[in-house]
Amino acid sequence: MVRQVNLTGQPVAPGIALGPAFLLRRERKNVPHSTITEASVAGELERLDDAMERTRIDLRYNRRKATRTLGEIVARIFDAHLMIMDDEPTFDSIRDVIRTELVSAEYALYRSLESVARQFDAQKEDLFRDRAQDVRDVGRRILAHLTGAPTDTIGDLHEPAILIASELNPSDVLQMDPEKILGVATDAGGATSHTAILTRTLGVPSVVGLKEITTSCEPGNLVAINGNSGKVLIRPTAKQEEKYREKERHYHQFRDSLLDIRDKQAITKDGHQIELAANIELPDEAKRVVRAGGDGVGLYRTEYLVLAHGGIPSEEVQEKEYRRVAQMLQGRPLVIRTFDLGGDKAFPGAGIKPEANPFLGWRAIRVALDRPEMLLPQLRAILRASPEGNFRIMFPMIGNLEELIAVKAMLAQARAELDSEGVPYDKEIEVGIMVEVPSAALLAHRFAPHVDFFSIGTNDLVQFTLAVDRSNEQVADLHQPFHPAVLQLIDRTVRAGKEAGIWTGLCGELAGNPLATLLLVGLGLDELSTSPSVIPEIKKLILSSTLEESRALAAEALELGTVQEVRDLLLTTMKKRFRDMPIWFGDL
């Protein structure tokens, strides 16, 4: 009997998919030690240079294609690959190995680049781990040209299928035809990887971090993917297949029905309005916000500009990008979070040393206050761009009142400089903070008089409150946003905001979880900011409910003592009230 396999990973691109498995076989094999003669050295060097030039041509093509199909900012991912190719010291050392050790170009290249990649693998920061993937991708391409192996592996797919791989490189994703790739499932990867960004942009349902998908699945096996919950089912029974195909049909019908509410506001049946915004990191994602019927951008993660430019972009470059996003939003609110860098998001030229606990270290507002030459130009750029739209400024990881007073002083300095230069800007621009440190939630009533809004970042708030590193797989199951302590902190923050007459939003992953929607509305959130792709589903839930019933649900949840009790309450309530809506709460 064929064994059925159930796996759970990290959902990175929403959607439902069912189809045969196409396995991308790319095992990381050792290149054998192969020696050459003195007379062959010149030929090996020439082979290496030829393969490198062919690889440069590939990468330039990929960049042009990415620019056409995905936008300039996404295309800059491939600049990292070109920068590796331009790293002369690395490739000079490879040439030296060929000359001095009399080994083949393949072996010298593999040994040198794998050593570099492993150094990046050893780092805890996601940025460095992505860099390791970039190095291996470049090395794979050069090796392919050296050996004559094909580089376009996904091009072998001729029929619609679920793409299964150990990991995907950005160049792999560019080859994907959305008409043939029904979904993506990988052993490795995370929500912030280049691959995740690209698959979300292409709109292909994807689940990563499954660890054993490639060893559990054979080519042609039927695979079901839930890009909303992260569940993957391999070799379903005939009964399960039919049930899942029905869910897939129902899901697509439901998605089509959401087109009718795209231009409606998220107003409950008893007249209470919630602002539904979106989180973005790529400027071109603003177009998706408008297409999804979003009310604006509740979180613009500007640090991606730093990663894309290889350093802090100039004030002029930033102003241009912020204006472009505002233009695409057509007057909708744009909440720009100042750079959340440092810690696990190191940036070029910063001189950041490895930290034992990067999430608790030198990051976000701590970096900004220590590096005013980074924050001040960003504040000036935001202010200069502000006449273009409805801008709001948000500071991350504020933990005490002194930090808030200090960054507001820097904002006042930026205003004074622009005033002296005669540069116009929005004098009434709103200023807020992310509430993601428990101290900020506990002292929200102290912060409220100094800001125009709060935006609760539940991803960090959960890990700091529960002492759980959300990037640590060994304790990932303890990172529970429905923990009663987290709900109490959200409730406390909202109440402080209402007492001060300011609005409170929530921009963490919890905002995009349909299971949490009525709870968050009942807790009194004025704004929910999530992925553009789930805005229609969240809006449908709000339109189909009342504020009164949501308040009753929240009041009951706040009295519970365990995560399981909260989840059971929410599951029972949602399945009872929305029986006909194909929104899955973790099940296939």
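Helices (H or I, at least four residues) and strands (E, at least two) are DSSP runs, numbered from the N terminus. On this basis, the secondary structure of the chain comes to 24 helices and 16 strands. The structure is a predicted model, in which local features need pLDDT of at least 70 and side-chain atom pairs count only at pLDDT 80 or more, while totals for chains, interfaces and linings use all residues. Residues are numbered from 1 along each chain as its sequence is written, and side-chain values use heavy atoms, with hydrogens and water left out.

Of the 588 residues in the chain, 57% are buried; here buried means under 20% relative accessible area, exposed over 50%, and partly exposed in between (1.4 Å probe, protein chains only). Contacts, defined by heavy atoms within 4.5 Å, were also sorted by sequence separation. Among those in the chain with a separation of 6 or more, 70% join residues 24 or more positions apart.

Two pairs of positions illustrate how parts separated in sequence are placed in space. Glu285 belongs to helix H11 (residues 285-291) and is buried, at 9% relative accessibility. Its C-alpha atom is 8.2 Å from that of Pro532, although 247 residues separate Glu285 and Pro532 in sequence. Ala555, in helix H23 (residues 547-557), is partly exposed with a relative accessible area of 43%. Between the C-alpha atoms of Ala555 and Leu519 the distance is 8.9 Å, and these residues are 36 residues apart along the chain.

Salt bridges come next. With a salt bridge taken as a side-chain nitrogen of Lys or Arg within 4 Å of a carboxyl oxygen of Asp or Glu, the count comes to 38. One of them joins Glu53 to Arg60, with 3.8 Å between the closest N and O atoms. Glu53 is partly exposed at a relative accessible area of 35%, and Arg60 is also partly exposed, at 38%.

A salt bridge within a helix is formed by the side chains of Glu321 and Arg324, at 3.2 Å from N to O. Both residues lie in helix H13 (residues 315-329), where they are 3 residues apart, about one turn of the helix. Glu321 is buried, with 7% relative accessible area, whereas Arg324 is partly exposed at 26%.

Arg392 and Glu430 provide an example between strands, their closest N and O atoms being 3.6 Å apart in a salt bridge. Arg392 lies in strand S12 (residues 390-395) and Glu430 in strand S13 (residues 430-435), so this pair ties together parts that are 38 residues apart in sequence. Arg392 counts as buried at 10% relative accessibility, while Glu430 counts as partly exposed at 25%. Salt bridges also link Glu315, Glu316, Glu319, Arg323, Arg380, Arg384, Glu388, Glu417 and Glu421 in a network.

Helix packing is illustrated by H23 and helix H24 (residues 563-577), which pack at an angle of about 160 degrees with their axes 10 Å apart. Axes are lines fitted to C-alpha atoms, for helices over the stretch in contact, and angles run from 0 to 180 degrees between N-to-C directions. The angle makes H23 roughly antiparallel to H24, given that angles under 35 degrees count as roughly parallel, over 145 as roughly antiparallel, 65 to 115 as roughly perpendicular and the rest as oblique. The crossing of the two helices, H23 and H24, is right-handed (the near helix is turned clockwise from the far one by less than a right angle; anticlockwise would be left-handed).

On the H23 side, the meeting residues are Glu549, Leu553, Glu556 and Ala557, and on the H24 side they are Val566, Leu569, Leu570, Thr573 and Arg577. The residues of this contact comprise 5 nonpolar, 1 polar and 3 charged, where Ala, Val, Leu, Ile, Met, Phe, Trp, Tyr, Cys and Pro count as nonpolar, Asp, Glu, Lys and Arg as charged, and the others, Gly among them, as polar.

Finally, the backbone deserves a look. Most residues other than glycine have a negative phi. Leu102, however, has a positive phi near 55 degrees and sits in the loop between helix H4 (88-101) and helix H5 (105-121). Arg235, likewise not a glycine, has a positive phi of about 60 degrees. Arg235 lies in the loop between strand S8 (231-234) and helix H10 (238-257), and is buried with a relative accessible area of 16%.
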